Amino acid sequence: MSLYARGAITGVGETEYSRASGRSVLRLTLEASLAAIADAGLAPGDIDGVIPYGNFQVVAEDLITNLGLSDLRFSAVTPLGGASCVAAVQCAAAAIAAGVCNHVLVPVARNGASGGRIGMRVNEMPQFRVVGEFEAPVGAAAPAQLYAPMARRHMELYGTTSRDFAEIAVTTRRHAILNGRAIMSTPLSVEDHQSSRLIADPFRLYDCSLESDGAAAIVVSSAERARDLRQPRVVVLGVGEGHPESPSAITQRRDLTRLGTAVAARCAFGMAGVTPEDIDVAEIYDCFTYIVLCQLEDLGFCEKGEGGAFVRDGALGLGGRLPTNTHGGLLSQAHMVGMNHVVELVRQLRGEAGAAQVVGAELGLVTGYGDMGDGTVAIFGRA
Amino acid sequence: MESIERPLAPPNPDAAPYWDGLREGRLMLQSCVSCGTVRHYPRPLCAECHSFEVEWLPSCCMGRVHSWTVIHHAFHPAFEDELPYCLVTVDLAEGVRVNVPLRDAGPHELGIGHRVHIVFERESAALTLPACVLVLRNEDPVV
């Protein structure tokens, strides 16, 4: 049994994004959840499956208690860091296809700026245990510090430059301004990027994603039932999860320039029966500019080593070869663990993306990237 | 003023010989008794043959630069005073890697494949950590 066209994204919801929400993570979760359920034209009581974000700050019991879910038949977590949200789409589609449940709520919320900063989660997450034990003592613990050697290796092998990373940061900021619901609202130039302070060389400040407060949620329903719901159908045509070699320590990975994304992409493209050339719009997990560039290669939009040349000619902008992160991404909209990427792709395919709408978008791709290289890919189509 | 302590994980019996070795000025690596595969970081099981039987061997401490980064933002207060510092991903001769600070050289002197060797820095009676220094390119390393 394939998950091809078994699930559909029927509802999306967001709170405002900020650096100080003034509300609890649970409250934010519930606000975005209610918005997504209403967007689908459902009532909270229709939700019979939940996949809370896998950091265990909010659990299924909280959702049952607050939303009054009287018939919850399915709950799971997909704790793959930034790959969690797209992994949850696969998990929800599988549960729906198996007949376990009909409408799965997937919410993500965080006070990533005003609460605990994301940068030093190393001692809180079991996925970071090996790094916490053997690398944190010498000063390698935050994601910027752990991923920088991957980017440096890519630069040395393939001639990729910081200027290429700037291209991604600047284009993403332009999209955030068009989106209007983004934390960053002033233009960014290549010169701004190149003169921003170094965090972990080669990463400068504007290569790094935001730390933000807010929430985003989706409802995944059976593609059949989606026909009767309020919104145009956005169907999950392909989805996949892939894990890299040496998933607990990047240092030991034979090829530092490859992520689990390549495995996930083969699965998702194969299931959907489409190729990278068919994709109209892409929302690519952008915790760091380089991670976008690397995924473009692993996804097959270009060959390994050609990511720099691919982004150089404006390919990622509106009207370019592959309009990417049309909402402003984690770099300039907000760090919602990539759930904002899923929300944006749905809006693009419904034609609701406002000033950043990709004209005629029918087929789109969204990715997640988890802490040490886990990759998830989903392909959605308007149907 | 008392210095801020480095972030350290709770003791892990699977890795005790590694930390003991550092205190004695040796970089101890796990070698599978059954199939001979060398692995790092320390863990209980050989992924090649699934044997728990392991012997600990000292690394020759010679290696080559695989990649690097220069840290300009500390994220943890223990490293504020060391900024900026360079971390080198080192391909050890035994076929595994370490991620260690570079001493006595700057990042502009680094390139993929450049020779380094591992040195040991005593932090306290309980803790010694590995670092690396560049081996001059014309100098044959003593293995």
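I began with salt bridges across the interface and counted zero between chain A and chain B. The model is predicted, so I keep that in mind for everything below.

**Interface, chain A side**

I looked up which elements of chain A give two or more residues to the side that touches chain B: they are α4 (129-134), α5 (143-158) and β5 (198-201). I then asked which of them gives the largest share. It is α5(A), with eight residues. By residue class, I find 18 nonpolar, six polar and ten charged residues on the side of chain A that touches chain B. Ten charged residues thus stand on this side of chain A, while the salt bridge count between the chains is zero.

**Interface, both chains**

I took the contact count next: 34 residues of chain A meet 34 residues of chain B. The two chains bury about 3000 Å² between them, and carbon and sulfur atoms carry 60% of that area. For polar contacts between chain A and chain B I get 18 residue pairs, both residues being at pLDDT 80 or more.

**Strand pairing across the chains**

Which strand of chain B does β5(A) join? I find β4(B), residues 62-71, held to β5(A) by two bridges, and the two strands run antiparallel. To place the pairing in the sequence, I looked for the residue opposite Asp201(A), and found Val70(B), in β4(B).

**Chain B, overall**

I listed the secondary structure of chain B and have one helix and eight strands. Read from the N terminus, the order is α-β-β-β-β-β-β-β-β, with the helix ahead of the strands.

I checked the radius of gyration of chain B, which is 16 Å. A compact globule of 143 residues would have a value near 15 Å, so the figure for chain B agrees with that expectation. The C-alpha trace of chain B spans about 45 × 40 × 25 Å along its principal axes.

**Chain B, three-stranded sheet**

I traced an open sheet of three strands in chain B, ordered β2-β1-β3 and paired antiparallel. Its edge strands are β2(B), residues 38-39, and β3(B), residues 54-58, each of which pairs on one side only. How many bridges link β1(B) and β3(B)? I note five, in the antiparallel sense, with β1(B) covering residues 28-32. As one residue pair to look at, I picked Gln30(B), whose bridge partner in β3(B) is Trp56(B).

Technical notes: Residues are numbered from 1 along each chain as its sequence is written. Chains are lettered from A and ligands numbered from 1 in the order in which they are written. This is a predicted model: local features need pLDDT of at least 70, side-chain atom pairs count only at pLDDT 80 or more; totals for chains, interfaces and linings use all residues. Side-chain values use heavy atoms; hydrogens and water are left out. Contact means heavy atoms within 4.5 Å. Buried area is the accessible area (1.4 Å probe) that two parts lose on being put together, summed over both. A salt bridge is a side-chain nitrogen of Lys or Arg within 4 Å of a carboxyl oxygen of Asp or Glu. A polar contact is a pair of N or O atoms within 3.5 Å; within protein, one must be able to donate a hydrogen and the other to accept it, and residues adjacent in sequence count only if both atoms are side-chain atoms. Helices (H or I, at least four residues) and strands (E, at least two) are DSSP runs, numbered from the N terminus. Ala, Val, Leu, Ile, Met, Phe, Trp, Tyr, Cys and Pro count as nonpolar, Asp, Glu, Lys and Arg as charged, and the others, Gly among them, as polar. Two strands pair if DSSP finds at least two bridges between them. The radius of gyration is taken over C-alpha atoms; the globule rule is 2.2 Å times the number of residues to the power 0.38.
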